[in-house]
Amino acid sequence: MVLLLQRGGVRRILQHFYSGNQGNTKRLLPAADGAAGRRGNSTAVPDVRERTLIAVKPDGVQRRLVGKIMQRFEQRGFKLVGLKMLQVSDDLLSQHYCELRTKPFYPSLLQYMTSGPVVAMVWEGHKVVQTSRKMVGHTNPAEAQAGTVRGDFSFHVSRNVIHASDSPEGAQREIQLWFHRKELLNWECCDQAITCEL
Ligand code: DAT
Ligand code: MG
């Protein structure tokens, strides 16, 4: 195995493990040796660098749901690039929810969101904004499908456990609001070429 690592890297290790099933091996391996070029221009290289802000709200933290929620994003294949626990300030929240300032529920929303610590995360991956909204479910948990975070862990809109950015532009704005640039890590996931054809 050491020899394989030295001479051919990950590609050869995969060939070693999948030597009984060459068809699958090919699909599992990254498009190397110009294979991507041979696919032509019709298949765009997927953007695996999209990022979104996910936050476990105070009720989720109090109910010890952080681990279960993080596991869902990990098992979906997304990459964690930022993580922190914080007591959110009124100032941050008013910027975060600036579009909701005129809503009747806004004061109670601020009170709820500052009632205890929040766990904020930045997840990265192909179409992570759209996919994570689906994973999180409808804003009103009473409408959220079973299998979504809100559909599985909550029943009322005033305590819906989790935040997820709703567009790539919104995600950029929110990530800049919640995280300093140096708090976000660029790192290579060892399974990247296995979870997506690059
Ligand atoms: P989402 O969190 O799904 O993006 P949103 O941005 O419209 O939904 O609203 C932000 C939060 O405000 C939401 O997660 C819970 C709260 N909220 C929304 N509508 C509400 C309502 N009708 N009553 C009480 N809280 C509400
Ligand atoms: Mg929203």
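**Exercise 1. Determine how the residues lining the largest pocket divide by chemical class, and establish where the pocket lies in this predicted model.**

*Solution.* The lining of the largest pocket comprises seven nonpolar, eight polar and eight charged residues. In total, 23 residues form this lining. Those nearest the centre of the pocket are Lys 57, Tyr 97, Leu 100, Leu 109 and Thr 139. The space within the pocket amounts to about 600 Å³. Turning to secondary structure, at least two lining residues come from each of helix H7, strand S4 (162-164) and helix H10 (168-178).

**Exercise 2. Identify the buried residues of helix H7 and explain why they line one face of the helix.**

*Solution.* Begin with the burial of individual residues, for which the cut-off is under 20% relative accessible area. In H7, which spans residues 106-113, Tyr 106, Leu 109, Leu 110, Tyr 112 and Met 113 are buried. Viewed down the axis of H7, these residues fall within an arc of 165°, and they therefore line one face of the helix. The general background is that an α-helix has 3.6 residues a turn, so residues three or four places apart point the same way.

Next, examine the other side of H7, where Pro 107 and Gln 111 are exposed. Finally, locate the packing partners: the buried residues of H7 pack against helix H4 (58-62), helix H6 (90-96) and strand S3 (118-124).

**Exercise 3. Explain why strand S3 is described as largely enclosed, and state which strands pair with S3.**

*Solution.* Consider burial before pairing. Seven of the seven residues of S3 are buried, so the strand is largely enclosed by the rest of the structure. Separating the two faces shows that both are covered. One side carries the buried residues Val 118, Ala 120, Val 122 and Glu 124. The other side carries Val 119, Met 121 and Trp 123, which are likewise buried.

The pairing can now be assigned. Strand S1 (residues 51-56) pairs with S3 in the antiparallel sense over six bridges. Within this pairing, Thr 52 has Trp 123 of S3 as its bridge partner. Strand S2 (residues 79-86) also runs antiparallel to S3, and seven bridges join the two. Here the bridge partner of Gly 82 is Val 122 of S3.

**Exercise 4. Place these elements in the context of the whole protein by stating its secondary structure, its buried share and the sequence range of its contacts.**

*Solution.* The secondary structure consists of 11 helices and four strands. Of the 198 residues in the protein, 40% are buried. Among contacts between residues at least 6 apart in sequence, 74% join residues at least 24 apart.

Methods:
Residues are numbered from 1 along each chain as its sequence is written. Chains are lettered from A and ligands numbered from 1 in the order in which they are written. This is a predicted model: local features need pLDDT of at least 70, side-chain atom pairs count only at pLDDT 80 or more; totals for chains, interfaces and linings use all residues. Side-chain values use heavy atoms; hydrogens and water are left out. Buried means under 20% relative accessible area, exposed over 50%, partly exposed in between (1.4 Å probe, protein chains only). The arc is that of the directions from the helix axis to the C-beta atoms. Contact means heavy atoms within 4.5 Å. Two strands pair if DSSP finds at least two bridges between them. On a 1 Å grid over the protein atoms alone, a cavity is a set of points where a 1.4 Å probe fits but cannot get out, and a pocket is an open set with protein on both sides within 12 Å along at least five of seven lines; lining residues have an atom within 4 Å of a point. Grid points are joined across faces, edges and corners, and a volume is the space filled by probe spheres set on the points. Ala, Val, Leu, Ile, Met, Phe, Trp, Tyr, Cys and Pro count as nonpolar, Asp, Glu, Lys and Arg as charged, and the others, Gly among them, as polar.
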